[in-house]
There are 2 protein chains.
Amino acid sequence: MMRSHYCGQLNESLDGQVVTLCGWVHRRRDHGGVIFLDVRDREGLAQVVFDPDRVETFAKADRVRSEYVVKITGKVRLRPEGARNANMASGAIEVLGHELEVLNQAETPPFPLDEYSDVGEETRLRYRFIDLRRPEMAAKLKLRARITSSIRRYLDENGFLDVETPILGRPTPEGARDYLVPSRTYPGHFFALPQSPQLFKQLLMVAGFDRYYQIAKCFRDEDLRADRQPEFTQIDIETSFLDEDDIIAITEKMVRQLFKEVLNVEFDEFPHMPFEEAMRRYGSDKPDLRIPLELVDVADQLKEVEFKVFSGPANDPKGRVAALRVPGAASMPRSQIDDYTKFVGIYGAKGLAYIKVNERAKGVEGLQSPIVKFIPEANLNVILDRVGAVDGDIVFFGADKAKVVCDALGALRIKVGHDLKLLTKEWAPMWVVDFPMFEENDDGSLTSLHHPFTAPKCTPEELEANPAGKLSRAYDMVLNGTELGGGSIRIHDKAMQQAVFRVLGIDDAEQEEKFGFLLDALKYGAPPHGGLAFGLDRLVMLMTGAASIREVIAFPKTQSAGDVMTQAPGTVDGKALRELHIRLREQQKAAE
Amino acid sequence: MMRSHYCGQLNESLDGQVVTLCGWVHRRRDHGGVIFLDVRDREGLAQVVFDPDRVETFAKADRVRSEYVVKITGKVRLRPEGARNANMASGAIEVLGHELEVLNQAETPPFPLDEYSDVGEETRLRYRFIDLRRPEMAAKLKLRARITSSIRRYLDENGFLDVETPILGRPTPEGARDYLVPSRTYPGHFFALPQSPQLFKQLLMVAGFDRYYQIAKCFRDEDLRADRQPEFTQIDIETSFLDEDDIIAITEKMVRQLFKEVLNVEFDEFPHMPFEEAMRRYGSDKPDLRIPLELVDVADQLKEVEFKVFSGPANDPKGRVAALRVPGAASMPRSQIDDYTKFVGIYGAKGLAYIKVNERAKGVEGLQSPIVKFIPEANLNVILDRVGAVDGDIVFFGADKAKVVCDALGALRIKVGHDLKLLTKEWAPMWVVDFPMFEENDDGSLTSLHHPFTAPKCTPEELEANPAGKLSRAYDMVLNGTELGGGSIRIHDKAMQQAVFRVLGIDDAEQEEKFGFLLDALKYGAPPHGGLAFGLDRLVMLMTGAASIREVIAFPKTQSAGDVMTQAPGTVDGKALRELHIRLREQQKAAE
């Protein structure tokens, strides 16, 4: 081994010992005739001092520059009292350099590692191997490794078998867009990269594996938003002979243990909240319970008002009118309200009505609002009582299709909560349960809210008779307003699976063609089973406090799904395309 | 939890306890008016007895069939002395069934689970979810999970960070054929699935990660041989500031610990053998040291003989003449020798000369051979002495281009060793070292024996002056004649990397175009680094004694790289192809 210690491991206990360090020159400075090098490795920094007495070594130290790779042997000594650095793990000591070997030189890096805040992300991604040297970047990926290690240990100890499922799978026309891989041996045919190992893990249950897990790469060829990547990682879990309470208990314990081990955080209880309640109180199926604001339905008080903006949605079965009280915010300036009005516009809201409650005792006079004149005072009082408004509060209103009101006030709730620093705690985990089986499309057809393999809480006959209102046996774990994971009890009965397919408009022939192997599996002795998948990238993002998913992936893609470092994707020659039985459209044919 | 115990966990200590089992009906039989069900779950079998006293439960038990999924509650009792089954973990007890619930029915499976030896592999793959129920199949995948878990634990404990590298990468025109993924956002461009994470792991070293590992999926679109799959799994390791001895020590310790933990096998020392010696003594760079036969060079004795089959190769600088003594096999029948002659023909050998040593004391008279007449007796004696031939032995000869002789006699050595049961031990691990940097192609150009990032044991100037003979800093771990893993110290110096590229005929422009990011990485402070990759599938194959790599992969592909269960690859619609800027060649265009 070239080194005896990592830089970050040095401390007072090594005083007087000779150590050998290997790493990068993080900073170099001359001061009072001696040279100081801060040497950096994975575990931290150490200060090495070279004095002119050792002529040859001093001359070498004088020639090194930032990011040179060096091997240094020297003696650990305590720093003088005034020179200690509490911000450095090894800040109480320094190393008196005896020998220095330059293992590799470095040109001046494209951006400095310690003051790079104005460096564009494209440059950082292009030189990712330099960006990852920054201790804060490396720390995120180290924590990621600790997280997966903790999860694996828990699952191993609890009898889960790590099984790999294929990356080259069958295209699935439903859902998100697949990444496709042309087959060389089956002309005109394509593999798809998996969006999840869903059916394979169910087949493993049919095969009797009982408890499965995999930290699995999944793929979606979709336009990327800030927190999406074309390839992402799932902690994928499936079990047999357990019901939803068992699965919730096992996976909740896993997450509790993870947070305890890695962040020393102990969670309170995880409330269980039905989907319907989450939408009603928080406008979201992944409520951020750190924020103590709630949506309150007030349509019943506004059905008769002349103000159509309210009475329209109040009388529409698909409409919603809801109020959101923000305590102590009546002094909010008009410009802030305008900003929030713009903000809810992103979610389709056409405006943002509000009432500032200055002095309730004065009745309408004590309220400041463009809308109070439209609402009879009696109704107004019911509304203000219902939301619990007291002097100094502001109450926002949303009135529109239910979806718009939920999305807009749900998002506003989060934004206001952060802006006004209303968060009541650091971590708010929960379970959302009792999801509907289906969502209705604009044309009246139904789509699975989770996926078509989710079991309903009813018989096949009840399901087919009136599918729209039926609940599923699905559950999502939510943390701080982010869906960490979701799962369900799956259908293990062939008749039930076929009933769901029929509700989704998939006829017998299509069932056989696309899901024949699943129906086969269900008829040869499928056990009751269910599971869950956690999004690892988001989990790591939350646990590291990263601002973007790209910060917790070693080599992420850009928003256009490319890699600016290796220049992927790239071109290929005509021979390769011919072997795959494809050709390019348009001008790109030149390569052929 | 539905079950209280796994079937395989039941034993005498539970005598008298009420237990609940969940699993599959493995076997059902009526005997003496009672019904016996062998119930199977992941951990094993348990015998459940139903007697007619419990009328309703007995009637249910009477209706169940093989592979029904059942939940049974009953009382554990000791079996009568004569009825114990030593082949079953729970064979000392049985369960008296009190209640039986059918959780799912099963049609008669396409093949029986206990006597399926004549079932074709295609049927087994089509119904993989049934085939995997067989305890011997499930055992292999369980062992696979234990193996990866043991390896991860070792690497975690030794400071290796598990880091994920991209699956969507840049095409590499060199080496094996890539699986390609058309990009939607970059028309005419393609991602490639990685053949290994080689360059990414090197970049992680440049980023200062110091110790990296990943159990990584890799892909090659090659025609499949018996032990190849389009997607395979690598235990991928890279370290900084360690030399080859350190890396060999760390990874050898990992494999030792793995075999100890999982198979309770303790290895002897791992001999280190230079590539040249391995080829000379065993005709292979992955010698199976369990077999005590060796190739012995005898060209010097045959340069002058008139028999051109020998004298030709003996005088050809690229030729080789070698002998392989098989002790005590002189009685081998002619038909066996004919079979071996055919066998070496697979490797290009045009024949298989031999000498049966019946009675050396009688001189040529005591030898039985078609070739002795061509060889002067003095030379013959030198040869027989050199190979150590004694009465009762047979000596085979190979004479051809060196490659043909090595391949043919190397393979024959293994085959004869197995046929004649000459193996001296169960496990023979070793390291092969001192590989050449390059192999020569027929046109005189050079190809990297490992890959172009492997460091040589010389300076850039020495390398460019005379590349053909130079050795690399590569090392392979070999077990029982299988290459378990291979690695090397990598080039961390830009000038050296460019020298290697030039030797391989990659000019400056092509270097920049294909490997610009690597050359960038090398110029901004790359540390000395090296690593290794183990083939997980082969490792599991060896440790489970599986006959094929398909036995240790949950959902393998067929030899034509398809999945007969899910029918992958499949067709996709014209819209999907248009979005990817490609079209099909030939008739397959119909779909558009």
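**Exercise 1. Determine which rotation and shift superpose chain B on chain A**.

Solution. Chain B falls on chain A after a rotation of 180 degrees with 0.0 Å of shift along its axis, at an RMSD of 0.1 Å. The superposition is by least squares on the C-alpha atoms of residues with pLDDT of at least 70 in both copies. This is therefore the relation of a two-fold axis. Next, take the interface: 100% of the interface residues of chain B are also interface residues in chain A, so the copies meet through the same surface. Contact here means heavy atoms within 4.5 Å.

The model is predicted: local features need pLDDT of at least 70, side-chain atom pairs count only at pLDDT 80 or more, and totals for chains, interfaces and linings use all residues. Residues are numbered from 1 along each chain as its sequence is written, chains are lettered from A and ligands numbered from 1 in the order in which they are written, and side-chain values use heavy atoms, with hydrogens and water left out.

**Exercise 2. State the domains assigned to chain A, and how far apart the C-alpha centres of domain 2 and domain 3 of chain A lie**.

Solution. The assignment, automatic or from a database, gives domain 1 (7-104), domain 2 (139-272 + 431-435 + 472-492 + 527-551) and domain 3 (291-424). The C-alpha centres of domain 2 and domain 3 of chain A are 38 Å apart.

**Exercise 3. Describe how α4(B) packs on α15(B)**.

Solution. Two packed helices are described by the angle between their axes and the distance between the axes. Helices (H or I, at least four residues) and strands (E, at least two) are DSSP runs, numbered from the N terminus. Axes are lines fitted to C-alpha atoms, for helices over the stretch in contact, with angles from 0 to 180 degrees between N-to-C directions.

1. The axes of α4 (residues 135-157) and α15 (residues 536-544) of chain B come within 10 Å and cross at roughly 120 degrees.
2. α4(B) is therefore oblique to α15(B). Angles under 35 degrees count as roughly parallel, over 145 as roughly antiparallel, 65 to 115 as roughly perpendicular and the rest as oblique.
3. The crossing of α4(B) and α15(B) is right-handed: the near helix is turned clockwise from the far one by less than a right angle, whereas anticlockwise would be left-handed.
4. Residues in the contact include Leu143(B), Ile147(B) and Ile151(B) of α4(B), and Leu539(B), Val540(B) and Met543(B) of α15(B).
5. By class, the contact of α4(B) with α15(B) has seven nonpolar, two polar and three charged residues. Ala, Val, Leu, Ile, Met, Phe, Trp, Tyr, Cys and Pro count as nonpolar, Asp, Glu, Lys and Arg as charged, and the others, Gly among them, as polar.

**Exercise 4. Do the analysis for α5(A) and α14(A)**.

Solution.

1. α5 (residues 198-206) and α14 (residues 508-523) of chain A have axes that come within 10 Å and cross at roughly 25 degrees.
2. α5(A) and α14(A) are therefore roughly parallel to each other.
3. Their crossing is left-handed.
4. Leu199(A), Gln202(A), Leu203(A) and Val206(A) of α5(A) meet Phe515(A), Phe517(A), Leu518(A) and Ala521(A) of α14(A).
5. The contact of α5(A) with α14(A) divides into seven nonpolar, one polar and no charged residues.

**Exercise 5. Locate the cis peptide bond before Pro569(A) and before Pro569(B), and the positive phi of Lys421(A)**.

Solution. Most residues other than glycine have a negative phi, and most peptide bonds are trans.

1. The bond from Ala568(A) to Pro569(A) is cis, with omega near 0 degrees, and Pro569(A) lies in the loop between α15 (536-544) and α16 (574-579) of chain A.
2. In chain B, the bond from Ala568(B) to Pro569(B) is cis, with omega near -5 degrees; Pro569(B) lies in the loop between α15 and α16 of that chain.
3. Lys421(A), not a glycine, has a positive phi of about 55 degrees and lies in the loop between α11 (402-419) and β17 (429-433) of chain A.
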